[in-house]
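Hello,

I am handing over the structure we talked about. Have a look at it first, and then read my notes.

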Protein chains: 2
Amino acid sequence: MTTDIEAHLAARVDRYVAELRDFCAIPSISAQPAHKADVERAARFAADRLTTAGLADVAIHPTEGHPVVTAGWHGDDHAPTVLVYGHYDVQPPEPLDAWQSPPFEPTVRDDRLYARGASDDKGPLLIPILVAEAFLAVRGSLPVNLKFLIEGEEETGSPHLEAAMGGLADRLAADLVLSADGAMWRADLPSVIVASRGLLALDLIVEGAAKDLHSGRHGGSAPNPLRALAALVASLHGADGRVAVAGFYDGIRPPDPAILRTIEAVGFDPGLYFTEIGARPPAPLPAGAELLRRQWLEPTLELNGLTGGYGGDGTKTVIPAWASAKITCRLVAGQDPDRVFEAICAHLEQRCPGGFGLAITRHGRGSAAAALPPDLPALGVVEDVLEGLHGVRPLRVAMGATIPIGGGFRRTLGIETVFFSFSTADEDYHAPNEFFRLESFRTGLVAWARVLEAIGARLGQATR
Amino acid sequence: MTTDIEAHLAARVDRYVAELRDFCAIPSISAQPAHKADVERAARFAADRLTTAGLADVAIHPTEGHPVVTAGWHGDDHAPTVLVYGHYDVQPPEPLDAWQSPPFEPTVRDDRLYARGASDDKGPLLIPILVAEAFLAVRGSLPVNLKFLIEGEEETGSPHLEAAMGGLADRLAADLVLSADGAMWRADLPSVIVASRGLLALDLIVEGAAKDLHSGRHGGSAPNPLRALAALVASLHGADGRVAVAGFYDGIRPPDPAILRTIEAVGFDPGLYFTEIGARPPAPLPAGAELLRRQWLEPTLELNGLTGGYGGDGTKTVIPAWASAKITCRLVAGQDPDRVFEAICAHLEQRCPGGFGLAITRHGRGSAAAALPPDLPALGVVEDVLEGLHGVRPLRVAMGATIPIGGGFRRTLGIETVFFSFSTADEDYHAPNEFFRLESFRTGLVAWARVLEAIGARLGQATR
């Protein structure tokens, strides 16, 4: 029972909110070089707060980008070691004129803290630091060995994190990652993310003549790369809407049955969905469960951009020299990014008509889909804690989006990552007027206290 | 015989070149508002030169854009009346650093005059003015009644010309237009343009959700307008490369057999063509005659632009709210722009999948293909004059591009337009280092003297 810790935390919530406002007042925008000093200031804020909380070995490690902050607390060789992950950088706040209060002047309205970074990820990250401080203040010890890894480049794709982790393997060695980043799926339903889709990104460029040509003089005899591109990318899907690339679906494994049960249970409303995104509902309207299954459990091959020729006002009689398409695939369990890339290349190369050049570029190596082992002990602990808080068993949900850090921790440290963030997906964290529900802040403090204690009590060496 | 006129002209060629240099030194760039005063100066230059030549009724008429210059000379109620068309405005000269000598400092190199506008259209336009002056100086009269219409907005699509012509119908009434604008197809082959393709321009926009969506969260359930657009525009052509729109080819009339004979006669080299445009030759390589037939006599449906989603560096996981395509069709004799537009709209609307919005915008009314009646008497006169000059019968050629003024004269004045320009298509008139062959200037002076005399002698009332 963490009654003592919870009482300590509850008595100090106003002070914690003031600290969160200070943290959020730092414009630590990792994408904008002009804010480099602010990003470093946020790293120091995190490091100082870890030190104040009583954690040991607090260090700021330079990387080729923004620094990584680590800390540790070691009490018992036989206790499990939990590594907490979070990030101190934030998204750019633009467009500024869409904010009701300035993004870096944190403001409380209706029990919500409005500020860039409040929900992603400064609020959720501050929670486990405060909980650790409470344990150390009240009891003089933590129920687990606790480490922190706090990065400053999450919003730019964590380009230097995995290299940094390689150099810090000793400081980071743990049995489990608890991520303070990520988001609850819906505010009204407790849930745990157990799977996310992988990602593969590529461009293709189709080349015709060496320069733009006049469509009157050359139309009919010269190759038009826009036409070839349109035919090529249209060939990537069949009339049934499925991806028509041979081998694309090869090797797909069935999903965790718990996710399928969630899809049937949540009553996803298809009409409401199309209303919310402002799109015309297709006829016939797909069932809600089918839509949610496609978001979570089906792979996609999505066009993200088409570019070529003239795009301004009016008309221009041009046959352009080239045309390009940007594509990302979301992958599900069992699909290998390398093999999917090869299958797409083969499909495009076979179909590129004579008289055109085709160049395909892959962006990064991408990532495979992630899925927690359904019987992972830490998953059960988290579910029990959430059930205790909410009175209902949390749903196991999948994410359509990609969470690359899980794969990074598995590759670098050989451990699984359980998401235990108290932000919610509707908190506009990549848009103006980002906010963090203070109710979630208070709930998160209790939940983290309970989950650390439960892990210490129940897991021991079991997760190693 | 115009021996007297030709001798008068030949004795003054150096003076004429100096005058052409003065005309070309005026940067009369109609597209650039900063050059409005220069454009007016070029209009006055043309008007003054017509007055000096001895033409009557010289007038500068304001329009909503740049002014129109007219002049006339009336000698004999029974003689045919010829209206000479040309323009005093020029293309923008950019990029300036690609010019070997500055665009508005006319420079003679290798018997070519290098300057913006030298070939298009100041050199070819000056010729009939000088020829008229020679007739009036040597004989005191012209062999035809001669009128001039010189505009200043040809390079911006002549947006106000047809309205101006409507208001000047009395001053412009004639039996025939001889255009000093247009261009010989090749420097080594005398030719007469007898047909050109028409034009229809449209955009389509496909709409999905009301705003850009995250392709991870929404991929698989949200409509992707890029995919719908690619499928729609890809459906516009069949696997054989022909336009797949029902009704597109309806009503097409067979071309002038003389054009088909030209296509067989000229020995168009397909390998050289693909080398010149810098494109990979398709395999199998089409026959040269087939390529030229497609340029001149086949209609096209050409994509000129595709726009939607992200086009910058790297990758962006977006499902954009909309995607658009720009299309122009080149039309051949018998195709009606209105009916072709309706056929394309019907094709697209039938195929637009549910869940997407489709908006189609037409740019202007476009223009039907133009073709001279094969037995037009003035055409035979022009061919005889060119045969006398070159020793071979000129070829009747078509143009893949669109020449809207012919249709404008037919609609407004009810008369045909014969192109009698001495610029050549290779003179870089829409590119840096535009030049005009002075050999063409000298030949053009003789040719215009002969053609005016031959029209006066042979046509009389016949063309009315």
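Below is what was found, starting with how to read the model.

This is a predicted model, in which local features need pLDDT of at least 70, side-chain atom pairs count only at pLDDT 80 or more, and totals for chains, interfaces and linings use all residues. Residues are numbered from 1 along each chain as its sequence is written, while chains are lettered from A and ligands numbered from 1 in the order in which they are written.

Let me begin with the two chains. A turn of 180° and a shift of 0.2 Å along the axis lay chain B on chain A with an RMSD of 0.3 Å (a least-squares superposition on the C-alpha atoms of residues with pLDDT of at least 70 in both copies). That is the relation of a two-fold axis. Both copies use the same surface, as 100% of the contact residues of chain B recur in chain A (contact means C-beta atoms, placed from the backbone, within 7 Å).

Each chain brings residues to this contact: 66 from chain B and 66 from chain A. On the side of chain B that touches chain A, several elements each supply at least two residues, including α8 (225-234), β11 (300-309) and β13 (322-331) (helices are DSSP runs of H or I with at least four residues, strands runs of E with at least two, numbered from the N terminus). β11(B) gives the most, with nine residues. That side of chain B divides into 26 nonpolar, 29 polar and 11 charged residues (Ala, Val, Leu, Ile, Met, Phe, Trp, Tyr, Cys and Pro count as nonpolar, Asp, Glu, Lys and Arg as charged, the others, Gly among them, as polar).

So how do the chains meet in the sheet? β11 of chain A and β11(B) run antiparallel, joined by five bridges; A:G309, for example, has B:G305 as its bridge partner. Eight strands form an open antiparallel sheet in the order β14(A)-β9(A)-β13(A)-β11(A)-β11(B)-β13(B)-β9(B)-β14(B) (strands pair if DSSP finds at least two bridges between them). β14 of chain A and β14 of chain B stand at the edges with a single partner strand each, so one side of each has no neighbour in the sheet. Neighbouring strands are turned by 25° against each other on average, direction ignored (axes are lines fitted to C-alpha atoms, for helices over the stretch in contact, and angles run from 0 to 180 degrees between N-to-C directions).

Finally, α8(B) lies across β11 of chain A together with β9, β11 and β13 of chain B, at about 15° to β13(B).

Enjoy exploring!

Notes:
Contact = placed C-beta atoms within 7 Å.
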